Amino acid sequence: MEIPVEKTESVTIAMIPVDELDASNAGEFKRDMAPVLESDTRVVMDFSRLRFIDSSGLGAVLSCLRQLSAKGGDLKLCGMSKQVRSTFELVRMHRIFDIFPTREEAVRAFSG
Amino acid sequence: MNAAPTSVSEIQEAICRHAKYSLGKAWPDLSPHERFAAVALAVRDRMVDAMLATEERYRQTDPKRLHYLSIEFLIGQSLGNNLRNLGLRESCREALARLGADLGEIERSEPDAALGNGGLGRLAACFLDSLATLGMPGYGYGINYEYGLFKQEIDDGYQREKPDNWLAQSSPWEIARPDEACLVPVYGRIEHGVDRHGVYNPMWMDWKLLVGVPHDMLVPGYGGRAVHFLRLYSARSSRDFDMQIFNDGDYFKAVEQKIASENVSKVLYPSDAVIGGHELRLLQEYFLVACALRDIVRQYERNHSSFREFSAKTAIQLNDTHPALAVAELMRILVDEKELPWAEAWEITQATLAYTNHTLAPEALEKWPIPLLEYTLPRHLEVIYEINRRFLQQVNAAFPGETSRINRMSLVEESLPKQVRMVNLAIVGSHSVNGVSVIHTGLLETTLVPDFHQFWPERFNNKTNGITQRRWLLEANPALADLISSTIGDAWITDLEHLRGLERVAGDAGFQSEFHTIKRANKEKLAALLWDSSRVKADPDSLFDIQAKRIHAYKRQLLNVLHVVDEYLALVEDGKPPSAPRTYVFAGKAAPGYRRAKQIIKLIHNVARAINSDPRARDWIKVAFLADYRVSLAEAILPAADLSEQISAAGTEASGTSSMKLALNGAVTIGTLDGANVEILDQVGPENMFIFGLTADKLRAMRETESYHPRELYERDARVRRLVDAFASKRFCPDEPGLFTWASQTVLDSDDPHFHLADLPTYIEEHGKAAAAFNDRVQWTSMAIRNVARIGRFSSDRTVKDYAREIWDLKSI
């Protein structure tokens, strides 16, 4: 999948480009996020388009965080729909991510 | 266009509109089921308007709401009941007459919603009727089983089970609400880690997702002022296919997964089946709890920003332990999702939940193996462990060093494999634990869970079961309902204690005559049914002796058969006819895997065949078994009963509600001091009942001292010997000798848990008295009327008010 990436001075913003992130495309998502994670350390992942995520999708997002953390970076999330947010809460994953309502707030958090 | 028809022409128009625009046909072209659907949809319009108005009224005051979680709701047919409660019956009858159709015929074509096995599920349905009638905001939560309880057919006296695909043609009562679907994760594993602040954070990973789609069945209260809903969930797979498998090219595997997900709401488990360890049943129980709590929390959060008021606004009643996972699920939601501290979440959980126990049989108590829980619900198992750890600290502090007590109270049984005791979980997680009759609650406290009662005596209370008079008299027995209303007014419909007004006419010759005429007409109808279904020719003037309930060893249908055969042998061998001609009617289903219960059905049929074909018995005894007992059949049987058999060994039946339905319809009870019989006796008086048998205390003492020796009675009493030997002989099984030897062995066994022979002599004696009383029509009719007059306490309106006042803190709005 083609992941739209936008760069500010110090933060890279990656847009999840699908409505559903699940077992059918989680592997592909991880593969296509790899170049971003290799080249950058401060990443915001924008969920605005996403309507559904399953455990495979959550696993893929978690692995992104871990890759960044391993090299001293961080991943912040933004733009979640109510349903996607509640899936994070369901499995306590909202506690290990910084989650923001908007892209701007997520970017600002890196400089805070 | 009028969406809420009330006049005859409006109803007629609405029916035709639904025929055309909902079903796509002109009225004359509809099949019988489609005609029912068109009428139901027209009635549903009226209920939808009333439901929205009710919800608006409730919303204005943000009242506390009750959510009744039950794995079963035994609803039966709804059209007749809904029409009566809405006051539309006569208008609808007239509208249909104008369309050339008969309302009664359309009502009879409605399939029963058999989403339950027996008393527990029917109680839940009665409660919903009462809550709506009382205007108390209370809602049912259950499972939308595609297949209800099996249909029973009889083949050569043997029960055969047929699937009950009641939703095959879809139910016009149900309103699907896919926009309110709930996501339910299952399976997976726990990944132990820390959160952003370094605090321990177990994450639930690799789960599969079920989707619960709610379907609302509307529940109109009498008078139509309040209309509530019963929310039934259907399981759907999270997506139409697991796309990964589909992409890999394994289409059939993807379809299989979809089917597996939807299996969760496929079929109702019959009770008494050995269900411990059945993964699908555990998933059903969790599915119900997860969907219900998700919905309840979502509703609460619409009006509240914190959980401080949750228990002040929300009551959740657990109907038996099947929804007991609610304890772990509510804790999981509050702690994991809402990030409340454990102690605060626990306080809210206990203050919200309440638990009703329905069984005293230790072998029937639910336990789930830990390995199965770990596999299906890994996070919930962790929560249960933590609840248990904290709880056992409390117990240990209260009873230091009492290891065996601590082991008994633990949520985890140290068996192989270890198991979670759902009764203990339900008690620990609730602020109220109730039994369903006075004697049952006493036994719950003293014999089933005495450690818990000693620990939390204030938590235990009794709520004697009840039945809704709207279904079981107004709908089931309209002629008697009319007679009562014309005599004392119709206030009894919403306050059953008003039946006391019948006391003054119990001895009145005119009233007795009318009462008797109605009973006889009901017996004529049942006699016709017996002839149509079983080719048994019953005399409506004979004593109709009825035992209609699940077939189960503890309910002692075998004791009933012993008496029937004793009476028969006295007639044909001693030349002593019974005091009154009798028609014995049995009805009930046996769980498909319950061999003994199925043997009892076969025995009843063979005894019936022998007696019904014996010309010497022709004028005296008839025996019939009505197949496929269900709510609608109960409505036909119960109004015709003279004598109501409630004969479980004392200390075994939690409550029993058929006793109440039968007494309400003018039957006199022959029964033991068990379940609700004890309280019915208090109300109707010993002069209006036939009580026999040993008390629960006496039976327990016999069990403990091993002093029950039925063989001594057998040796001593020639009549008993002849009776028992008849089952060991080929008298009732000439082609299959030995078929009923089990019956002889059962009653002669010192370990017979149901003490058949201990109670047999007094049972026979009381039957003799009943027959003598029946022969005096004035005396009998007066007894029957007094049963009706004094049964008012057993309305589910009273029961619900008791729960509302003492457990739920729920008010009428």
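Which residues is B:Val720 in contact with, leaving aside its neighbours within four places in sequence?

**View 1. Surroundings of B:Val720 in helix 29 of chain B.** In this predicted model, B:Val720 has its place in helix 29, which covers residues 718–728 of chain B. Once neighbours within four places in sequence are left aside, B:Val720 is in contact with B:Leu713, B:Tyr714, B:Leu757 and B:Leu760. B:Val720 counts as buried because 21 C-beta neighbours fall inside 10 Å, where 20 or more are required. B:Met136, by contrast, is separated from B:Val720 by 584 residues in sequence and by 54 Å in space, C-alpha to C-alpha.

**View 2. Surroundings of B:Asn82 in helix 3 of chain B.** B:Asn82 belongs to helix 3, made up of residues 79–86 of chain B, and B:Asn82 is buried because 24 other C-beta atoms lie within 10 Å. Not counting residues up to four places away in sequence, B:Asn82 touches B:Val43, B:Met47 and B:Pro220. Between B:Asn82 and B:Gly193 there are 54 Å in space, C-alpha to C-alpha, for a distance in sequence of 111 residues.

**View 3. The largest nonpolar core, with B:Ala326 as one of its members.** This core holds 283 residues, of which B:Val39, B:Phe287, B:Leu288, B:Ala326, B:Val327, B:Val607 and B:Ile637 touch the most other members. Helix 9 of chain B, residues 279–303, provides the largest share of the core with 11 residues. The core draws on both parts of the domain assignment, taking at least three residues from each of domain 1 and domain 2 of chain B. If residues up to four places away in sequence are not counted, B:Ala326 touches B:Leu69, B:Val289, B:Leu293, B:Ile316, B:Leu318 and B:Leu353.

**View 4. The contact between domain 1 and domain 2 of chain B.** The domain assignment of chain B gives domain 1 as 62–77 + 112–464 + 801–808 and domain 2 as 470–692 + 759–794. The C-alpha centres of these two domains of chain B lie 35 Å apart, and their contact takes 39 residues from domain 1 and 35 residues from domain 2. On the side of domain 1 that touches domain 2, the elements of chain B giving two or more residues are strand 2 (73–76), helix 6 (119–134), strand 5 (148–155), strand 6 (158–164) and helix 17 (438–448). Strand 5 of chain B accounts for the largest share of that side, with six residues. By residue class, the side of domain 1 that touches domain 2 divides into 16 nonpolar, 16 polar and seven charged residues.

**View 5. The contact between chain A and chain B.** Here 15 residues come from chain A and 20 residues from chain B. On the side of chain B that touches chain A, at least two residues each are supplied by strand 8 (182–186), strand 10 (203–205), helix 7 (243–247) and helix 11 (326–337) of chain B. The residues on that side of chain B comprise nine nonpolar, five polar and six charged. For the model, the scores are ipTM 0.92 and pTM 0.95.

**View 6. Chain A, with four helices and seven strands.** Read from the N terminus on, the elements of chain A follow the order β-β-β-α-β-β-α-β-α-β-α. The C-alpha atoms of chain A fill a box of roughly 30 × 25 × 25 Å along the principal axes, and the radius of gyration of chain A, 13 Å, agrees with the value near 13 Å that a compact globule of 112 residues would have. Buried residues make up 43% of chain A. Of the contacts in chain A between residues at least 6 apart in sequence, 77% join residues at least 24 apart.

**View 7. Chain B, with 33 helices and 25 strands.** The C-alpha trace of chain B spans about 90 × 75 × 60 Å along its principal axes. Its radius of gyration is 27 Å, in agreement with the value near 28 Å for a compact globule of 813 residues. Buried residues form 53% of chain B, and residues 24 or more positions apart account for 76% of the contacts in chain B with a separation of 6 or more. The mean pLDDT of chain B is 95, with 96% of its residues reaching 70 or more.

Definitions and conventions:
Residues are numbered from 1 along each chain as its sequence is written. Chains are lettered from A and ligands numbered from 1 in the order in which they are written. This is a predicted model: local features need pLDDT of at least 70, side-chain atom pairs count only at pLDDT 80 or more; totals for chains, interfaces and linings use all residues. Two residues are in contact if their C-beta atoms, placed from the backbone, lie within 7 Å. Ala, Val, Leu, Ile, Met, Phe, Trp, Tyr, Cys and Pro count as nonpolar, Asp, Glu, Lys and Arg as charged, and the others, Gly among them, as polar. A nonpolar core is a set of buried Ala, Val, Leu, Ile, Met, Phe, Trp, Tyr and Cys residues joined through C-beta atoms within 7 Å. A residue is buried if 20 or more other C-beta atoms lie within 10 Å of its own, exposed if 12 or fewer, and partly exposed in between; C-beta atoms are placed from the backbone. Domain bounds come from an automatic or database domain assignment. The radius of gyration is taken over C-alpha atoms; the globule rule is 2.2 Å times the number of residues to the power 0.38. pLDDT is the predictor's confidence in each residue, from 0 to 100.
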